[in-house]
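Colleague: I am new to this structure and would like a close look at one part of it. Could you walk me through the place where the protein meets DNA strand D?

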There are 2 protein chains.
Amino acid sequence: MSRVAKNPASRGSARPTLEAVAARAGVGRGTVSRVVNGSEGVSAKARTAVQKAIAELGYVPNRAARTLVTSRTDSVALVIPEAETRLVAEPYFSDTIRGVTAGLADTDMQLLLILVRTAKERERLAAYLSAQRVDGVLLVSVHRDDPLPNLLETIDMPAVLGGRRSDREPLSYVHADNESGARAAVEHLLDRGRRAIATITGPLDMEAARARLDGHRKALGAEPPDASLVAQADFTEEGGIRAMRALLERRPDVDAVFAASDVMAAGAMQVLREAGRRVPEDVAVVGFDDSIVARHTDPPMTSVRQPIEEMGRTMTRMLLDEIANPGLPHRHVALATELVVRESS
Amino acid sequence: MSRVAKNPASRGSARPTLEAVAARAGVGRGTVSRVVNGSEGVSAKARTAVQKAIAELGYVPNRAARTLVTSRTDSVALVIPEAETRLVAEPYFSDTIRGVTAGLADTDMQLLLILVRTAKERERLAAYLSAQRVDGVLLVSVHRDDPLPNLLETIDMPAVLGGRRSDREPLSYVHADNESGARAAVEHLLDRGRRAIATITGPLDMEAARARLDGHRKALGAEPPDASLVAQADFTEEGGIRAMRALLERRPDVDAVFAASDVMAAGAMQVLREAGRRVPEDVAVVGFDDSIVARHTDPPMTSVRQPIEEMGRTMTRMLLDEIANPGLPHRHVALATELVVRESS
DNA sequence: ACGGTGACTGGGAGCGCTCCCAATCCGGTG
DNA sequence: CACCGGATTGGGAGCGCTCCCAGTCACCGT
């Protein structure tokens with residue numbers, strides 16, 4: 001049989017194969033494979049010969065071939081609900097990606113980015129993941145009723161969540177200590193002598209939003225606070241605006257607001273200004289995220305910083321761990337937040 | 001997490017193969033393959049039988065096997081220099097990704113996200129791309145001396161740039177019409193009766209920055225403007241601050257500033273406030289990007305909007321085109337910008 | 001000297017898919 | 001009724017790699 005190299009995409013110099021390296025080094029395929037994969041049981045002599053051949057030929061393993069036999073893909077997916085990329089403070093997005101990338105840096109894993117926008121895409125994603133096209137999944141911004149985590153568990157796919165669905169989340173996750181952060185924010189307002197401290201919440205089907213609300217409540221005392229001081233919103237500026245208007249109407253005496261996101265806090269500040277209330281003299285404002293928005297409002301906003309990039313890095317490390325050790329029990333990690341005080345409080 | 005799969009090849013429920021589908025449908029592998037890939041020359045009868053079998057078995061093609069033989073990977077890489085994710089206005093990042101994802105939406109291509117941070121990683125990326133692990137590359141935020149585009153051309157890898165290296169860029173690219181945008185901004189300032197219109201530039205090794213500077217010059221008249229009205233910076237807030245200080249010192253009479261990015265404009269506004277100049281009464285300010293920052297400065301900032309998400313979408317479509325038709329000549333697309341007038345001017 | 005031992009090594013057997021070609025089928029022709 | 005050509009079909013031959021096992025070989029103990 002002639003070995004007619006009829007490569008369909010025959011551009012560029014044909015890449016050398018394992019076989020070519022073996023021939024050049026005067027050894028068998030098995031030995032080259034062992035060297036490439038760092039297995040032991042290869043004589044020093046053979047190893048150097050192979051390494052030399054690899055260098056000379058510029059050999060790079062064909063990932064598809066490897067995947068075909070090992071059924072490892074050497075890639076992980078980062079799944080982000082697209083809506084969140086609009087609502088949530090912008091840096092959340094880039095910081096997460098940066099953290100994940102950093103966590104993957106000296107692996108040779110690839111990062112697949114998947115934005116899910118519609119319910120239909122969600123289903124496609126499910127099929128996609130079931131097809132085992134990645135070794136693991138990072139899932140951020142999960143809502144309470146998100147079906148994806150359960151799916152992942154069902155198909156036995158390693159996964160780590162950024163944030164949790166509830167405080168009984170079984171899957172592995174990394175999250176910021178939202179409750180403590182919120183509590184610190186409200187206590188800071190109390191320290192400043194504020195007495196009527198309202199809060200603007202995020203969507204309560206997200207645990208992060210609930211936890212921040214809890215922090216507000218706990219800082220104010222054990223018993224549930226006056227409901228008139230709580231306005232529900234959705235993390236958007238528009239929502240923050242509406243919530244602040246409602247609060248002013250219900251509680252003209254309000255002298256401080258803790259918003260569960262910077263963007264909502266910015267909206268609140270607008271409303272306060274229009275209402276003729278000075279910030280911070282009449283009403284103090286504290287946000288959450290410490291995003292770029294917080295630094296540019298007028299006055300600059302006090303906010304609770306969460307270590308998003310580090311969350312991404314940690315999630316990634318945990319995922320790689322779970323991929324490498326399939327039996328591993330799920331782990332839960334909380335990272336500390338930090339109150340950044342500026343002039344709005 | 002109950003059963004620890006110790007058998008390497010034992011995946012949850014063994015995924016059905018092409019062969020299984022063929023058996024079930026009572027046809028040969030070739031026929032199933034033809035149906036799956038939409039080739040013609042399949043009788044209606046065979047086709048429906050195959051489709052039925054696929055549905056019943058829940059068959060999903062194994063991508064690795066396909067890649068191995070076709071040497072297509074069905075994935076494209078989006079390469080982003082990591083430094084840019086910090087400097088450039090944040091939404092740039094997420095908008096681009098959103099656009100690219102949208103462009104890929106009804107393909108079954110996957111998106112690989114690659115952040116390049118160090119020179120070493122840059123080299124690894126070169127090796128990676130040379131290994132033909134993706135079908136095409138999207139490259140954003142290219143600097144004038146970026147070696148990557150040439151590499152891509154050398155290895156004959158389909159690529160589309162977001163922005164260009166110079167106005168003689170040979171590779172395909174999509175960019176915003178920076179010069180017109182800048183010109184519109186400066187003309188707007190002239191309309192407002194401003195006479196000493198300074199500009200704060202981005203790093204001039206980026207064509208976008210140069211083009212914005214050109215726009216400033218051309219709006220002011222054919223001849224090169226007074227150099228004292230031009231301050232070079234780097235797209236960062238810090239840079240904008242330094243530049244504005246320098247401008248105030250050199251030209252106390254300055255009555256307007258056009259900054260090549262919102263973040264720099266925000267820095268400039270800070271400096272102006274500290275210097276006791278009112279915006280816009282004493283000095284009008286216009287930014288570029290129309291990012292979230294522009295909406296939250298005090299006063300809200302006039303800015304030049306660029307359709308970033310659309311750029312991402314367009315780039316992606318062009319790339320898919322180039323992948324599908326290898327002979328295609330390179331194309332250059334400029335998208336219009338739009339001046340968004342707010343209270344800072 | 002000889003079997004035993006452990007360290008290495010080569011290469012067959014696929015992984016699941018696409019390509020391609022020979023084989024088959026069928027209606028229409030002469 | 002034999003023959004022809006186009007439409008359809010089945011399945012062999014790999015793609016490049018890892019796994020695994022049967023050797024091979026130098027060396028040791030008795």
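Modeller: Happy to; here is a look at the surface near DNA strand D, followed by a word on how the two protein chains meet. Please keep in mind that this is a predicted model.

Around DNA strand D there are 28 residues, and the closest come from both chains: A:Leu18, A:Tyr59, B:Gly28, B:Arg29 and B:Ser43. Some of these can be followed down to single atoms. A:Tyr59 places a polar side-chain atom 2.4 Å from a phosphate oxygen of the strand, and for A:Asn37 the corresponding distance to a phosphate oxygen is 3.0 Å. B:Gly28 uses its backbone instead, with an N or O atom 2.7 Å from a phosphate oxygen of DNA strand D. The elements giving two or more residues to this surface are helices H2 (29-36) and H4 (63-70) of chain A, along with H2 (29-36) and H4 of chain B. H4(A) gives the most, with five residues. By class, the surface has twelve nonpolar, eleven polar and five charged residues. On the DNA side, 63% of the strand D atoms within 4 Å of the protein belong to sugar or phosphate, and the rest to bases.

Now to the chains themselves. Their contact takes 54 residues from chain A and 51 residues from chain B, and they bury about 4,500 Å² between them, 55% of it on carbon and sulfur atoms. Between the two chains there are 14 residue pairs in polar contact and zero salt bridges.

Definitions and conventions:
Residues numbered from 1 in each chain as written. Chains lettered and ligands numbered in written order. Predicted model: local features only at pLDDT ≥ 70, side-chain atom pairs only at ≥ 80, totals over all residues. Heavy atoms only, no water. Contact = heavy atoms within 4.5 Å. Buried area = accessible area lost by both parts, 1.4 Å probe. Salt bridge = Lys/Arg side-chain N within 4 Å of Asp/Glu carboxyl O. Polar contact = N/O pair within 3.5 Å; in protein donor to acceptor, adjacent residues only side chain to side chain. Near = heavy atom within 4 Å. Helix = DSSP H or I, 4+ residues; strand = E, 2+ residues; numbered from the N terminus. Nonpolar A, V, L, I, M, F, W, Y, C, P; charged D, E, K, R; others polar.
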